[in-house]
Amino acid sequence: MRLTRRAILKTGAAALAVPSLQNLAASSSALAQEAAASRVWKHGLSLYGDLKYPEGFKHFDYVNPSAPKGGVVRMIAIGTFDNFNPVVGGVKGTIAAGIELVTDTLFTTAMDEVAVGYGLLAEAVTFPPDYSSVTYRLRANAKWHDGVPVSVDDVLFSLNSFKTYHPFYSAYYRHVTKAEKTGEHEVTFTFDSPGNRELPQIVGEINILPKHWWEGTDKSGRKRDISATTLEPPLGAGAYRIKDFTPGRSVSYERVPDYWGKDLNVNIGRDNFAELRFEYFRDSTVAIEAFKADTIDWRTENSALSWNTAYDFPAIKDGRAIKEEFPVNSSGVMQGYVFNIRRPQFADPRVRRAFNCALNFEDLNKQFFFGQYKRITSYFDGLDLASSGLPQGDELAILETVRDKVPPEVFATPYSNPVNGTPEEIRANLREATRLLREAGYEVRNQKLINVKTSEPLTVEVLIDNPIWERIVLPYKGWLERLGIQMTLRRVDDAQYEQRLRNWDYDMIVATWGESLSPGNEQRNYWTSQAADQQGSRNYVGIKNPAVDALVDRVIFAKSRAELVAATKALDRVLLWNHYVVPQWTYGKLRSVRWDRFSRPETLPKYGNGAFPTVWWWDQAKASKVGSRT
């Protein structure tokens, strides 16, 4: 261009205007062709490291490619449902269990690898070295259940819908600034900056929806609305479709016999049941009795008490029903009593720490949990991403960048929860709690903890939607009363609970955040200032902390696994020392009970948590021995 500019100055713009534009157009076209030719298309993506399965692999190692197809499996869902539209599942209505079975994604995961994806609706992917964009190439044979081909327009429609109406995906895909059709079967996503290594992969996780169906009309001639709840069974392109349902009571999915993707390598040996049925129950007690009456085939048990006492019935003893635990290797967890720090009584971290001092986990574990649980000490508990000891190396260097914005204990003291195993420890922790509350401006008057400045008592309402929590929360009420804190317990139905969460209308709740082996953009929805005021986000605490915002960015833009681990540990440590929750407990295994009518591959995937019902199948021989269903 320098030569052209000098020529224009020397000989006159008019003489060279046409040739220069022609040359420029030819040059741009050549560059575009060269860029297209240099693209490397891949059959899969791995965030860090190599893919296990090469191009053209037959099937995943953990499936039985000869698994028989057929049978019905009946599973449990708790609560109710009134919506089949996943786009507004985070803000309107209650989404039906299993609705994800109806749709497919661009890429799908392998349950024996970490942070990988292989082609499903898309056959290949390519992206530049700086991770500034990604292009997916759709399979020409991918079709909706009505026979219409899956198109690039469907992908664009889906991304826009989720970003517009679903708060989680609005945060998850906030760095995707543009999506466009760049070929007959190609869609390109452009990002707001380079270096976000996770983005090329996570855009492949979008559930693709049929634009033509959602922009059409229902049987009554009414135009469908992607921004509203619906109980009209949606059109999909997945392995299953809705067979029948009773609102709030049950929903059944039938395997689509001519499913377009049934012979893909990523689908061989999975989706073996002819029908998957979810039966809804108001609470776990009724669900357990339904299982014992053989109206349910499989149940995942979350209660230590029920696991140890509720399944002592003849079918377990004679082997017709089986109790089995599966290791949880795929995720970490933070579960706890969550403060809503939008409320003024919880603004001071010393108050929040005092609540932790009062929790007698050791007594709960002995009295209620059969000694099976351990106390959670990290937001990434169970993973190599959990912080411990004092920060060192890369983690320390990352924390130095926010030193002036975090509690000094982050650098000086390893985080630990108070231990209340003996009477002496209980008294010591109550004294520590009293000291913290006094420093925060409270004093006890007439056995009530009073704010010295406002003369208001410190009260807290714990909001729950599951009766199983009542017996667990009530002892906490007594322990807090020893400090002068008045606690009430409020149980509401599912719909009211969801509504109050969306409007931040609570003092404390019990909440759980599951964490993957490779955290990334979802952390924005959990902890950042942007999500704190976003209705339907999972920032239940209301965190608006510039240090947390900065560390979330460090996690998202990590350039290596080592950097990701260091940044995540730094984030974990800052979250812990701000005392946003009172950590509860975890077990580390998935407890399950089932009627012995099913079989599974000899080796289950490491990160599958049992992988039921995905890679299991109906075993007619076993079913005949167990007997007919009720």
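Which residue in S6 is the bridge partner of valine 125? It's tyrosine 136, and the first close-up starts there. One thing to keep in mind for every view: this is a predicted model.

**View 1. S5 and S6 make a hairpin.**
Strands S5 and S6 run antiparallel and are joined by 4 bridges. Valine 125 has tyrosine 136 in S6 as its bridge partner. Between the two strands of the hairpin there are 6 residues. S5 itself is mostly covered, with 4 of its 5 residues buried.

**View 2. Tyrosine 131 sits in the turn with a positive phi.**
Zoom in on the loop between S5 and S6 and you'll find tyrosine 131. Its phi is near 60°, a positive value in a residue other than glycine. Tyrosine 131 is also buried, with a relative accessible area of 16%; the cut-off for buried is under 20%.

**View 3. Four strands line up in an open sheet.**
Step back from the hairpin and S5 and S6 turn out to belong to an open sheet of 4 strands, in the order S5-S6-S8-S7, with antiparallel pairing. At the edges are S5 (122-126) and S7 (176-183), each of which pairs on one side only. On average, neighbouring strands here are turned by 20° against each other, ignoring direction.

**View 4. S7 pairs with S8, and helix H3 packs on the sheet.**
S7 and S8 (residues 186-191) pair in the antiparallel sense, over 6 bridges. For a landmark, look for lysine 181, which stands opposite valine 187 in S8. Helix H3 (residues 152-165) packs on this sheet and touches S6 (133-138), S7 and S8. The direction of H3 makes about 170° with that of S7.

**View 5. Aspartate 507 and arginine 343 form a salt bridge.**
Side chains of opposite charge can pair when their charged atoms come close. Here, the closest N and O atoms of aspartate 507 and arginine 343 are 2.4 Å apart. Aspartate 507 lies in the loop between helix H16 (494-502) and strand S20 (508-516), while arginine 343 is in the loop between strand S14 (331-339) and helix H10 (349-358), so the salt bridge ties together parts that are 164 residues apart in sequence. Aspartate 507 counts as buried at 10% relative accessibility, whereas arginine 343 is partly exposed, at 24%.

**View 6. Arginine 490 reaches glutamate 461 on another strand.**
This salt bridge has its closest N and O atoms 3.5 Å apart. Arginine 490 is in strand S19 (residues 486-491) and glutamate 461 in strand S18 (residues 459-464), so the pair ties together parts that are 29 residues apart in sequence. Arginine 490 is partly exposed, with a relative accessible area of 39%, and glutamate 461 counts as buried at 15%. Both residues belong to a network of salt bridges that links Arg343, Glu461, Arg490, Arg500, Asp505 and Asp507, and that brings in the pair from the previous view.

**View 7. Glutamate 275 pairs with arginine 277.**
Searching the whole structure turns up 44 salt bridges, and here's another one of them: glutamate 275 with arginine 277, whose closest N and O atoms are 3.0 Å apart. Glutamate 275 is buried, with a relative accessible area of 6%. Arginine 277 is partly exposed, at 25%.

**View 8. Helix H15 has its buried residues on the same side.**
The buried residues of H15 include Ile472, Val473, Tyr476, Trp479 and Leu480. They cover an arc of only 110° around the axis, which puts them on the same side of H15. What about the helix's length? At 1.5 Å a residue, the 12 residues of H15 (residues 470-481) should span 16 Å, and the end C-alpha atoms are 17 Å apart, which agrees.

**View 9. Glutamine 447 has a positive phi out in the open.**
Glutamine 447 has a positive phi of about 65°, although it's not a glycine. Look for glutamine 447 in the loop between strand S16 (442-445) and strand S17 (448-451). Buried or exposed? Glutamine 447 is exposed, with a relative accessible area of 67%.

**View 10. A cis peptide bond precedes proline 613.**
Phenylalanine 612 and proline 613 are joined by a cis peptide bond, with omega about 0°. Proline 613 has its place in the loop between strand S24 (598-599) and strand S25 (617-618).

Conventions
Residues are numbered from 1 along each chain as its sequence is written. This is a predicted model: local features need pLDDT of at least 70, side-chain atom pairs count only at pLDDT 80 or more; totals for chains, interfaces and linings use all residues. Side-chain values use heavy atoms; hydrogens and water are left out. A salt bridge is a side-chain nitrogen of Lys or Arg within 4 Å of a carboxyl oxygen of Asp or Glu. Buried means under 20% relative accessible area, exposed over 50%, partly exposed in between (1.4 Å probe, protein chains only). The expected span of a helix is 1.5 Å times one less than its number of residues. The arc is that of the directions from the helix axis to the C-beta atoms. Two strands pair if DSSP finds at least two bridges between them. Axes are lines fitted to C-alpha atoms, for helices over the stretch in contact, and angles run from 0 to 180 degrees between N-to-C directions. Contact means heavy atoms within 4.5 Å.
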